[in-house]
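Student: I would like to learn how to read the open and enclosed spaces of a model, and then its helices and loops. Could we take the features in turn, with the general idea placed before the case?

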Amino acid sequence: MLAASAVSAALIGTSAVTTAAAPDHRGVRDSVHTAGRVKAVGDAFQYSWPGVYFEGRVRGTGVGVVLDDPAADYDVQVDGATVATLVTPGRTTHWVRGLREGVHTVRLVKRNDTPWSTSSFGGFVAAPGGAVLARPAARSRQIEFIGDSLTAGYGNLSGSRDCDGEQLKRTTNADVSYGALTARGLRADYQVNAYSGQGMVRNYNGGSPEVNYRTFYDRALLNVPGDVWRNPGTWRPQLVVVNLGTNDFSTPVNPGEPWTDESLAAAYRSAYSGFLAKLRGRYGPATTILAAGTGPFAGHVEHVVRERTGAGDRRVRYWPLDTTGLDLNGCHWHYSARDHRLLADRLTAFLADLPIRW
């Protein structure tokens, strides 16, 4: 299923044509900028996390997007305007034609979280007579967002709290989540490493107790046990925002779960402290780590931050995530697109007072 709309002044009669095409001779690694957790496999990138984006530059009157993905949805953007939404495109090359002659920027972004599947992007290709140019420069600012469905943009375009599975997939868009909006407003590259339903130690309603968010954090491919993302050395975020705890505490402990309220709180604080230590070891002393807290887990997060700052880590900060005025009109009482915009504004204002070493 393909939905295209010509919304940019740079487009003339944009067409959505799906044909097979081979990647451009320049190669995907030389022609594409991405900050996401990707694995290079042959002349393609594989990935799983939501919000992964690829940016390129093409000269000519058309651009093709080479994909192999049976599960995720994408937005295709040309010269800053969304020209197509691709729904579970499968193995295909999606063409945007009718561009004015000249150089165009193109951006592909994965909208939803599909942790059970591996996505593959084979690069951009130019229409006959055109050329794929060298990749755009990376941004100097980098931000990593760590969280669950609230960070992933779960059902944020729904406009209704009542959603079935198909509606949820189609209305989830990490590209308009509070993290993506904040980063783009600050002209930063970013990762949205969010996994719906996962908690720091306990998942939503006690589900899948053998795993939690920390099980998956190191991976590039979420459905591959033991997979580890290899940082190419270019990912050195000056800011990491952690928002985990909603799933740990939003539902009461069920009979048969290995927790009491007290033991869950203690395990959460211990795991949270260890996770922050891991981030500090990974990214070094100059990175600011912002720990978000709200609702039933706010006090636990604040406690962990106080302990770490008391031990000398002055670049761990607590963010009291303010949810006043949110309509929670996304699927299943999640943040709506409006809520994400409000939270992005609040986070941006909070960051303005921090001594981040951009």
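Student: How do the residues lining the second largest pocket divide into nonpolar, polar and charged?

Tutor: The general idea is to sort the lining by residue class before looking at single residues. In this predicted model, the lining of the second largest pocket holds nine nonpolar residues, 10 polar ones and one charged residue. There are 20 lining residues, and those nearest the centre of this pocket are Leu150, Thr246, Ser250, Trp333 and Tyr335. The space itself comes to about 370 Å³.

Student: Which helix gives the most residues to the lining of the second largest pocket?

Tutor: A lining can be traced back to the elements that supply it. Here α6 gives the most, with three residues, and both α2 (149-152) and α6 (246-249) supply at least two residues each.

Student: Trp333 lies close to the centre of that pocket; where is Trp333 found, and is Trp333 buried or exposed?

Tutor: For such a residue one looks at the element it sits in, its accessibility and its backbone angles. Trp333 belongs to the loop between β17 and α9, and with a relative accessibility of 55% Trp333 counts as exposed, because the cut-off for that class is over 50%. The phi of Trp333 is near 65 degrees, which is a positive value in a residue other than glycine.

Student: What is the phi of Leu328, and where does Leu328 lie?

Tutor: Leu328 is not a glycine, yet its phi is positive, at about 50 degrees. Leu328 is found in the loop between β17 (316-320) and α9, and its relative accessibility of 27% makes Leu328 partly exposed.

Student: How much space lies in the largest pocket, and which residues are closest to its centre?

Tutor: With a pocket, volume and lining are best read together. The largest pocket has about 530 Å³ of space, and of its 25 lining residues the closest to the centre are His33, Thr34, Ala35, Pro232 and Thr234. By class, that lining has 11 nonpolar, seven polar and seven charged residues.

Student: Why is the largest pocket said to lie between domain 1 and domain 2?

Tutor: The reasoning runs from the lining to the domains. Both domain 1 (32-133) and domain 2 (142-353) give residues to the lining of the largest pocket, so this pocket lies between them.

Student: How many cavities of 30 Å³ or more does a search of the whole structure find?

Tutor: A cavity differs from a pocket in that a probe fits inside but cannot get out. The search of the whole structure finds one cavity of 30 Å³ or more, and the largest cavity has a volume of about 40 Å³. Its lining includes Gly36, Arg37, Trp49 and Tyr190, and the class division is six nonpolar, four polar and one charged. Strand β14 (residues 188-194) gives the most to this lining, with four residues. Because domain 1 (32-133) and domain 2 (142-353) both give residues to the lining, the largest cavity lies between them.

Student: What does the span of helix α9 show, and which residues of α9 are buried?

Tutor: One can compare the end-to-end reach of a helix with the span expected from its number of residues. Helix α9 (residues 337-351) has 15 residues and reaches 21 Å from its first C-alpha to its last, close to the 21 Å expected at 1.5 Å a residue. The buried residues of α9 are Asp339, His340, Leu343, Ala344, Leu347 and Leu351. These buried residues cover an arc of only 135 degrees around the axis, which puts them on the same side of α9.

Student: How many residues has helix α7, and what phi does Gly284 take just after α7?

Tutor: Helix α7 (residues 261-283) has 23 residues and reaches 33 Å from its first C-alpha to its last, close to the 33 Å expected at 1.5 Å a residue. Among the buried residues of α7 are Leu264, Tyr268, Phe275, Arg280 and Tyr283. Just after α7, Gly284 takes a positive phi of about 90 degrees.

Student: Where does Arg135 lie, and how far apart are Arg135 and Thr105 in sequence and in space?

Tutor: Separation along the chain and separation in space are read side by side. Arg135 lies in the loop between β12 (131-132) and β13 (141-147), and is partly exposed, with a relative accessible area of 44%. Arg135 and Thr105 are 30 residues apart in sequence and 9.8 Å apart in space, C-alpha to C-alpha.

Definitions and conventions: Residues are numbered from 1 along each chain as its sequence is written. This is a predicted model: local features need pLDDT of at least 70, side-chain atom pairs count only at pLDDT 80 or more; totals for chains, interfaces and linings use all residues. Side-chain values use heavy atoms; hydrogens and water are left out. On a 1 Å grid over the protein atoms alone, a cavity is a set of points where a 1.4 Å probe fits but cannot get out, and a pocket is an open set with protein on both sides within 12 Å along at least five of seven lines; lining residues have an atom within 4 Å of a point. Grid points are joined across faces, edges and corners, and a volume is the space filled by probe spheres set on the points. Ala, Val, Leu, Ile, Met, Phe, Trp, Tyr, Cys and Pro count as nonpolar, Asp, Glu, Lys and Arg as charged, and the others, Gly among them, as polar. Domain bounds come from an automatic or database domain assignment. The expected span of a helix is 1.5 Å times one less than its number of residues. Buried means under 20% relative accessible area, exposed over 50%, partly exposed in between (1.4 Å probe, protein chains only). The arc is that of the directions from the helix axis to the C-beta atoms.
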